[in-house]
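Please open the structure in your viewer and keep the selection tool at hand, since this tour moves from one selection to the next. Each stop names what to pick and then describes what is found there.

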Amino acid sequence: MPLDLRSLEEKWQRRWSEARIFEADPDPAKPKYYLTVAYPYPNSPQHIGHARTYTLADAHARYMRMKGYNTLLPMAFHYTGTPILAMSKRVAANDAELIDVFVKLYEVDERIIDSFKDPLNIAKYFHHDIKLGMQAMGFSIDWRREFTTIDPAYTKFIEWQFRHLLSAGLITKGAHPVGWCPSCMSPVGQHDTKGDLEPDIVEFTAIKFDMDGTALPVATLRPETVFGVTNIWVNPGANYVEVEANGDRMIVSERAVQKLKGMMPQILRLRDLAGSELIGRHARNPITGTLVPVLPAEFVDPNNATGVVMSVPAHAPYDLLALRDLKANPGIIRVYGLDESEIAALVPIPVVELEGFSRVPAEDAVKRLGIRDQKDPKGEIATKELYQKEFHLARMLPGTGVYAGMPVSKAKEKIKQDLVSSKRAFPFYEIMNGPIQCRCGAEVTVNLVDDQWFINYADESWKETVRKHLKNMSLVPDDLRQEFENVVEWLKEKACARRAGLGTRLPWDSAWVIESLSDSTIYMAFYTISKIINQHRLDPSALTDEVFDYIFLGKGDPSSLPIEREILEAMRNEFNYFYPLDSRHSGRDLVPNHLTFFIFNHVAIFPEKHWPRQIAVNGSVLMEGKKMSKSLGNIIPLHKAIMIYGADTLRTSILFASELLQDADFSDSQAKSIRSKLLEFYDLACSYADAGMPDFSSADHLDKWIISRVQRVVSQVDSSMQCLRMREAIHCAFFILQQDLQWYIRRRADRCSDPRTRSIVKYVLRAIVKMMAPFAPHLCEEIWEKFGEDGFVSVASYPETDQALICERDEITEDLLKSIICDTAEIIKVTGISPARICYYTSPKWKWDLYLKALAALESGVDPRGLIRELMKDPEIRKRGGEAAKFINSICSCTITLPKEDRKKILRASGIEEAAFIGECTTFLSEYFKCKVEVQSADLPGYDPNGKAGQAAPLRPAIYIEGQR
RNA sequence: GCGGGGGUCGCCAAGUCAGGUUAAAGGCGCAAGGCUUAGGACCUUGUGGCGAAGGCCUUCGUGGGUUCAAAUCCCACUCCCCGCACCA
């Protein structure tokens, strides 16, 4: 009858919970290990991708627990944010697409979907679902510490954190552009738009050219070229509007008026006018004072930015082309009554110099690409190319005042700042990937929020502290260090609050809700006290700043605080015991934000001794080689996957799929194979459950070999686990060691039921069970119990290597046997002989001497190039002449390529009694090849019809096979 | 553009930092044999090419170079993925 994995898993989950083995309390007698994983956002069920991070952390926790640490792994739920709110709005609006996702994909009962109009119900639903999944996966979590980020106590904690940041001067306020829905009157993120488009906001500089008291704001991405303006372009066929904005009069395109409303509080529409009305008028360049004409150009897009463009023909291909087109078209000049001579006099004014280009780089670009006129689509390419080259490589020319000589990349920022601060220009924001629609149907605009709160991650002294601490932190894997260092450098102000969503209100400005990446930076500290808050149902109002100051910082007088002294001290004690955090786990997508914020906030709030020690990061999960996505329909919800494969299989498969940072490819066939391997292992273990304790003193060669292998594997797996190389750990503990065990059993074919053999097999199995317990804990508990062991394997001690049980000589000889078999089999295969008699000739003594000499020489540092010469020095060898020279040649190449460890091993064994050993194996060998097997020493071979004995080398006996082809 | 990661023998994937355990682990798939009434599972073997003796040849994105020795070190090129923020 097949083993019912699910009920077995539930049984052990129940027993763990009853025995409370994963509940960790401070214990001064034991070293602690505290690790956390990023808590989930409950807006959808978790899937296999989420499971990877959690399984990794859990296996890590289980390993540390077995290593003797008082290990704490807590969990909470991140309710903060807007996506849940957005979903509830869509439910309220009866959005069929979303409801379909809930019902079909997430398998939510249709009857409760109506309750999802309340965002809290969505969060609670998936919170429950995710928690059940975590329990079904067997995660060793201390659930007494669970909380959500909208619990009043947590809210108090976040308020405390933010007041600290504020008083440390790390909170700033400023203007910030956001994607905005004018109909919903709220900011839009990716999840609020049709097609889940993230608005790509780009900042133009609108430079005000004065035209008789009314400004023409020319929008540009290249404000540094304002020195080279020859004219202004407007589209004669477009509609323009004169408006009053902040007391300024200006003329912009019809479409730009709407956009301006988001950026300026007061927009008054004065009059409409056609673009053509502007043609022929003149406006003054605010930086050079030059008066330039307004001219017509079709390439000007009234839907882009202000719809008014400055013309810099020296550096902008379109401007150059449009000017050329106009000059070549006297008809147009006449239609608008323009001054032909004035236009003829307009020539490019160079502003920057670019190596490899003439004074008018736009000319070069146009020529090289063979662009005809302003309608040619290649103009776009030329513009991009020139923009990039000039931005990175060009310098400002002497005619540009204080900016002369500056690289363009610097001058651009500087000029923009100067123009804006002197009110000669203003920033104009445009959505580059637009038009984007809000889910409500309205078109998304840009809104300039001018009272946005920021956490100032740009603060230089803060960064410096973070840099220093980062150097002391362990990063797993360390490959990520560079990336973290880069992120610390790039980080700027982070908008830390929004107008909507679930979460904690800013304590000093209740119109704002702290957003999710900002309220999740130091909550690992909160777990240490949430157990006590939950147990005592503490009144959140008692959690004052002073209380937190005392618990987390040791500040203030505890007797004056509004919490019972005993409870207060218990909280302080929990924190002091478990902090600092020993390891923080998360997916690699959180490196540029959460994980870095986590370091920043810790160093800002806590004293140095409580700064985090380690970050462990894992890659994501692919399904059958493809990225998981709703549209591909290849997202398997976790609870479904557990039903299909079982928790142990899932855990092992995910961790075995790839090493830490790589994306792990989950495949059905791989998982099924892991499951059958686990079941097979269970069967094997059960059949040895009643074996006795091994007696190492009576061990023979083969026993010593397998015992030695166990030591090697244990030591390898232990070090793999330490650096979270779980794939490697499973590989060695489960696959490699089991292969060795198979070999052992096969070699013992004749004496498999012998009690000594059985006790040795059980000894190996016991080690595998322990090493596999972090990965397949339920199955391992079951075996552990069958083995008659006391207690849970989950809290048993991790296996240790016993150096005294490593037997190098037995390892060498067993390897020798395997290589003999391999060689013999190859000869049989190639020659097609069906063997009747196999003779082995072991190496003569003089070859062994020479071999050891070669090894010793290499070990003492002799250059491989000089090895032959070194060996030839020996007079004994020279006496042997050609035979020796030939042998030396072959021995050199094989000793040089021998791994260092093996060289040492063979040297330490200083020779092997090969003939005696192979002699012991003849029964096995003749069984293996189903023929007669004999061994002779090549020193004096008795039977050697083909003269093979001369080929014998140390650990490489000569082989002679007789038989029919 | 800036930054990060990656291209390994059908697929997945170790190995690269510390060059020689490497024709290159392991898993999957495939094939043969064993077991079985059969299937599944399991065990053994094979899975670049050639080979009538354990060998030889070619191979780790491409092209060069360093070295007694290169998947690994250096240079150039090429292709793919991911992040760039207010959003979890």
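Begin with Ser516 and RNA strand B shown together, keeping in mind that this is a predicted model: a polar side-chain atom of Ser516 lies 2.4 Å from a phosphate oxygen of the strand. Add Arg727, where a polar side-chain atom lies 2.6 Å from a sugar or linking oxygen of RNA strand B, and then Gln951, whose side chain has an N or O atom 2.7 Å from a base oxygen of RNA strand B.

To see where the surroundings of RNA strand B come from, colour the elements that give two or more residues to the nearby surface, which include helix α16 (481-490), helix α25 (726-747) and strand β30 (958-964). Next, select the 62 residues around RNA strand B, of which Tyr41, Arg498, Gln670, Arg865 and Arg965 come nearest. Coloured by residue class, this surface divides into 19 nonpolar, 20 polar and 23 charged residues. On the RNA side, 55% of the atoms within 4 Å of the protein belong to sugar or phosphate, and the rest belong to bases.

Now leave the RNA and select helix α9 (residues 317-327), where eight of the 11 residues are buried, so that the helix is largely enclosed by the rest of the structure. Among its buried residues are Pro317, Tyr318, Asp319 and Leu326.

The remaining stops concern salt bridges, of which the structure holds 67. Select Lys32 and Asp582, which form one of them with their closest N and O atoms 2.7 Å apart. This pair links distant parts of the chain, since Lys32 sits in strand β1 (residues 32-37) while Asp582 sits in the loop between α19 (565-578) and β23 (583-587), 550 residues apart. Lys32 is buried, with a relative accessible area of 15%, and Asp582 is buried as well, at 8%.

For a pair within a single helix, select Glu159 and Arg163, whose side chains meet in a salt bridge at 3.8 Å, N to O. Because they are four residues apart in helix α7 (residues 152-167), about one helical turn separates them. Glu159 is buried, at 17% relative accessible area, whereas Arg163 counts as partly exposed, at 33%.

Finally, select Lys531 and Glu574, which form a salt bridge with the closest N and O atoms 2.4 Å apart. Lys531 lies in helix α17 (residues 524-536) and Glu574 in helix α19, so the pair ties together parts that are 43 residues apart in sequence. Both Lys531 and Glu574 are buried. Extend the selection to Arg20, Glu23, Asp25, Asp142, Arg144 and Arg145, which salt bridges with shared partners join with Lys531 and Glu574 into one network.

Definitions and conventions. Residues are numbered from 1 along each chain as its sequence is written. Chains are lettered from A and ligands numbered from 1 in the order in which they are written. This is a predicted model: local features need pLDDT of at least 70, side-chain atom pairs count only at pLDDT 80 or more; totals for chains, interfaces and linings use all residues. Side-chain values use heavy atoms; hydrogens and water are left out. A residue is near a molecule or strand if one of its heavy atoms lies within 4 Å of it. A polar contact is a pair of N or O atoms within 3.5 Å; within protein, one must be able to donate a hydrogen and the other to accept it, and residues adjacent in sequence count only if both atoms are side-chain atoms. Ala, Val, Leu, Ile, Met, Phe, Trp, Tyr, Cys and Pro count as nonpolar, Asp, Glu, Lys and Arg as charged, and the others, Gly among them, as polar. Buried means under 20% relative accessible area, exposed over 50%, partly exposed in between (1.4 Å probe, protein chains only). A salt bridge is a side-chain nitrogen of Lys or Arg within 4 Å of a carboxyl oxygen of Asp or Glu.
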